[in-house]
Amino acid sequence: MVAVIAAGFALYAGSPPREAWWVAPLALAVLAAVVRHRRARAGFGYGVVFGFAFLLPLLGWLQDFLGADFGPWPWLGVAAVEALFIGLAGAGMALVSRLPAAPVWMAAVFVTAESVRSAFPFGGFPWGRLAFTQDTGPLLSLAAIGGATLISFAVALVGGGLAELVRDPRRWAVPVAAIAVPLLGGLACWPLVGTDANAGTARVAIVQGNAPNLGLGLLYEDDVLHDNHVRAAQKLVDDVRAGRTPRPDFVLFPEQVGSWGPSRTDPELSAIASQLGVPLIVGGLGQDRDGRLHNQVVRWDPGTGFGDRYVKKHLVPFAETIPMREVARLVSPFVDRFQSDMTPGEEPGVIDVAGLKLGVGICYDVAYNDVFGPAAAQGATLLAVPTNNAWYGHSEMSYQQLAMSRLRAVETGRAVLVGATSGVSAVVAPDGSVTAQTELFTEENLTAEVPLRANRTPATELGSVPMWTLAVLGVGAIAAARWRSRKSDA
């Protein structure tokens, strides 16, 4: 039990912002070794403990955000639900550990459980996927082949191979292959990760207007976020006019800068766009004439204002959409902030701006596989992640999210612009490297020349195929293991 707890915590300790990609396979090796040849019930228990030891510190920003008003229960509750899925992974790993080539099936089972918890309940919660520990290291390049799913599988496969090799070094062929193939495959794929500007370049500016570090106190301070970012944007206007900064092709603002009713007007934003003579990409809350509420990103044009928009696809449960409202009131401040649920978008986030197609996902969207790949498939040559992380103080949340943006860059072969209210804003190259970055709780404008890329990676072409393939392998392995068990008992 101590080993499993230590391994779970080690998985957290190897997660961003720490660049220790090699820790994750070691942590999975311990879990695989402990559940090997045990009953499913024992595997479930060990998996839950491993999950708790990993997720409690990883999600500590939830406690920073809600703890003063709601105590530890939201933090503990989310960690508990997600740990149950890792428990299911442990149970499945125990069952398939007796099959030939066990590391392969154990890895497939783990990734299957990871995929399920990324979709259920209430739309899932993908935070803490194995892939998100690999924003550096040799396995990151695999994102271009099979996305986050393939990276998670590779991490789990290396871990299972290490466990098998330590248990019985004499039977080395399968475990050595399980270790070597992902690592060598990742190294071999790096030359295929392109960074050339094969569709031209764009000059962009990112406005980080900052926010007071108030946690829940920001809940009703929409005007503060708006005014801070208008002020920071005015400094950009002054710098462009004075020749200190070249005029950008467009300007990216973070999530939740504006708040627009059916009239869709914002004189301050219109003034900034007109003074610069370029469109703004700005996030905000919007209410349509039919009363529906959206979290959206809008192209704000000089002269005409509100233009094309992307409506956030994946809404945060118990925040942007509230299941079980009366119960949720005990653990969520958003029940009273939003009297009705937001309406999610259904279309990929592709906005035409400054002669290019910009792929957009808002904050939480970046954790999901079905946002940026479809945007790239529909012609986006550059990606953007407007986000508002000001709720979470000086926690690791912003850095965990930045790691996801780095993975999405490699997955799609696109540069990614991260625009955050209070940090971390960043410019990410198509190979996942960060070329510019702000600090937390600072006012700062970033400008950069970024490559535009039109080619489609294998991951973009395959879409959800890797996920469904591994899910079939995982479920099939469990069925085969149960059949073998019944046959041996007969």
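**A helix pair and an aromatic cluster**

Let me begin with two helices, H2 and H3, where H2 passes H3 in a right-handed crossing. Please keep in mind throughout that this is a predicted model. H2 covers residues 23-35 and H3 covers residues 40-58, and their axes come within 9 Å and cross at roughly 155°. Since angles over 145 degrees count as roughly antiparallel, H2 and H3 are therefore roughly antiparallel to each other. If you look at where they touch, Ala27, Leu28, Leu31, Val34 and Val35 on the H2 side meet Gly43, Tyr46, Gly47 and Phe50 on the H3 side. Sorted by class, this contact of H2 with H3 has 7 nonpolar residues and 2 polar ones, with no charged residues.

Now I turn to the aromatic rings, for which the count comes to 15 aromatic pairs. One of these is formed by Phe65 and Phe334, a tilted pair with 6.2 Å from centre to centre and 55° between the planes. Phe65 lies in helix H4, residues 60-70, while Phe334 lies in helix H12, residues 334-337, so the pair ties together parts that are 269 residues apart in sequence. Are these two rings buried or exposed? Phe65 is buried, with a relative accessible area of 6%, and Phe334 is buried as well, at 10%.

Phe334 also forms an aromatic pair with Phe338, and this one is stacked, with 6.3 Å centre to centre and 5° between the planes; Phe338, like Phe334, is buried.

Finally, stepping back from single pairs, ring pairs link Trp61, Phe65, Phe125, Trp127, Phe334, Phe338, Tyr364, Tyr368, Trp391 and Tyr392 into a cluster.

Technical notes:
Residues numbered from 1 in each chain as written. Predicted model: local features only at pLDDT ≥ 70, side-chain atom pairs only at ≥ 80, totals over all residues. Heavy atoms only, no water. Axes fitted to C-alpha atoms, helices over the stretch in contact; angles between N-to-C directions. Helix = DSSP H or I, 4+ residues; strand = E, 2+ residues; numbered from the N terminus. Parallel < 35°, antiparallel > 145°, perpendicular 65-115°, else oblique. Left-handed = near helix turned anticlockwise from the far one by under 90°. Contact = heavy atoms within 4.5 Å. Nonpolar A, V, L, I, M, F, W, Y, C, P; charged D, E, K, R; others polar. Phe/Tyr/Trp six-rings, centres within 6.5 Å; stacked < 30°, edge-to-face > 60°. Buried < 20%, exposed > 50% of the residue type's maximum accessible area, 1.4 Å probe, protein only.
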